[in-house]
Amino acid sequence: MAMPRRFNILSMSVIAVLFISACLSTNLPPIGSMGSFTPEDDELQLWHALRQVEERVLAPKMVFDDPALEQYLTEIVRRVTPLSYTAAGGQPIQVKVRKDPRLNAAAMAHGLIIVYTGLISRAENESQLAGVLAHEVSHITHRHQVRELRELKNKQTAFNVIAFLGSLALAAAAVNSDFDTVQVIRHIEPLLALGLKLTYSAMVSGYSRDIESEADQEAVKIMVSTGYSPLELAQMFRHTLSESAERGPIENFFWGSHPKISERIETVEQEAKKYSINDRTDKVAFERRTAFVRLDNARFDAYFGRWHLAMTQVERVLETVPMSRRAPLETLWKAHLYNSASIGARSRGDKQEAERNFTIAVDLYNRVTSASNKTNQAAAYRRLGDIYFAYRDHKATHCEAKSAYAKYLELQPAAKDTADINARMAQLRC
């Protein structure tokens, strides 16, 4: 399969980085450890290549649009970024949230951290999230990507260069729509079998163990200095292990093998013993600020057939809702899960499960549209239109989809997705 022209340009950029970095030292000092910082030539070229790929990794429809959440994460990152890094002139570090169910976060050398919705939805408190962010900040402050690139070039093996460019292709491919993530995960399996330990920031994890260990140790120091318990980072790793059977071996690559995670837990806990530990976590505030991510990501879990994980997230959010509002919202959110589960089952060829979930979703949505809350009604009509639209040819639901979308726009005439809904309605034969 021919690579797109955009990737060819990116490949040439990275090849240039690889050759310029020949025989350069991998013992780079952390930014801020030696006064004012000036990036080296290969570092600048890496930043340039990463900025180009960033456009793909964070295509508008893949960004979780929640300014309040982004501000919350940005504040945590500001808190866990060493003052010495900022004072030395390090690149300002931004945070973006990507719609992606994998338990992952990634740091890009030019000062961008991408946090996946899957990771935020699984964090149990702010300290766990802060620990992951501190780890990613350390990758940036300690210049880990350029160190890895130099190590790769210094080995000067054709296999390593080809493998690196292969991982770059996967990153550049990114994910182009909500549920296409599964295709990306499936397509990388051959490379995973080769045991690649190369990185291309936002999409492919797997720094060398020494570098990951260094980032974990730095994260512990940062957490202690900012009032977070580093033991929560170890707990986040344990949480990942506990879900590994349900998530599957391919997705788990992004956090490493079982032994690797076990080693990281041990590293963090041993390092934490050196310090007196306090914890600033405000669990109530954390749950409130991450509720929408958790609900959105639960749809991914339902799509992949991970029903227990999906329901666990919905139940967590319901606990934050006043009792008087809980029942109608539970009906609506469960409808969303059955909707996603139906489409997921159909994509896997399980027609019986797809039909069962379709029927339940439609029934639950109709219950919500019959109630008096207009906000809930609008949300139900919107997703009811989606499921009818998905089955429009299979079940001849063109008219049902158009009717549901029309009622949604009637209830929400100023909806941000009006143009998308009208485009869908134009495809319906009714």
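These legends accompany three close-up views of a predicted model. Local features are described at pLDDT of at least 70 and side-chain atom pairs at pLDDT 80 or more, while totals for chains, interfaces and linings use all residues. Residues are numbered from 1 along each chain as its sequence is written, and side-chain values use heavy atoms, leaving out hydrogens and water.

**View 1. The β2–β3 hairpin.** Here strands β2 (residues 105-108) and β3 (residues 112-116) run antiparallel, joined by four bridges (strands are DSSP runs of E, at least two residues, numbered from the N terminus; two strands pair if DSSP finds at least two bridges between them). Alanine 107 sits opposite isoleucine 113 of β3. Three residues lie between the strands, and glycine 111 in the turn has a positive phi of about 105°. Ala105 and Ala107 on one side of β2, and Ala106 and Met108 on the other, are all buried (under 20% relative accessible area, with exposed over 50% and partly exposed in between; 1.4 Å probe, protein chains only).

**View 2. The disulfide of cysteine 399 and cysteine 430.** The two sulfur atoms are 2.1 Å apart (a disulfide is a pair of cysteine sulfur atoms within 2.5 Å). The torsion about the S-S bond is about 110°, so this disulfide is right-handed. Cysteine 399 is partly exposed, at 38% relative accessible area.

**View 3. The buried face of helix α21.** Now look at the buried residues of α21: His398, Ala401, Ala404, Tyr405, Tyr408 and Leu409 (helices are DSSP runs of H or I, at least four residues). Seen down the helix axis, they fall within an arc of 135°, so they line one face of α21 (the arc is that of the directions from the axis to the C-beta atoms).
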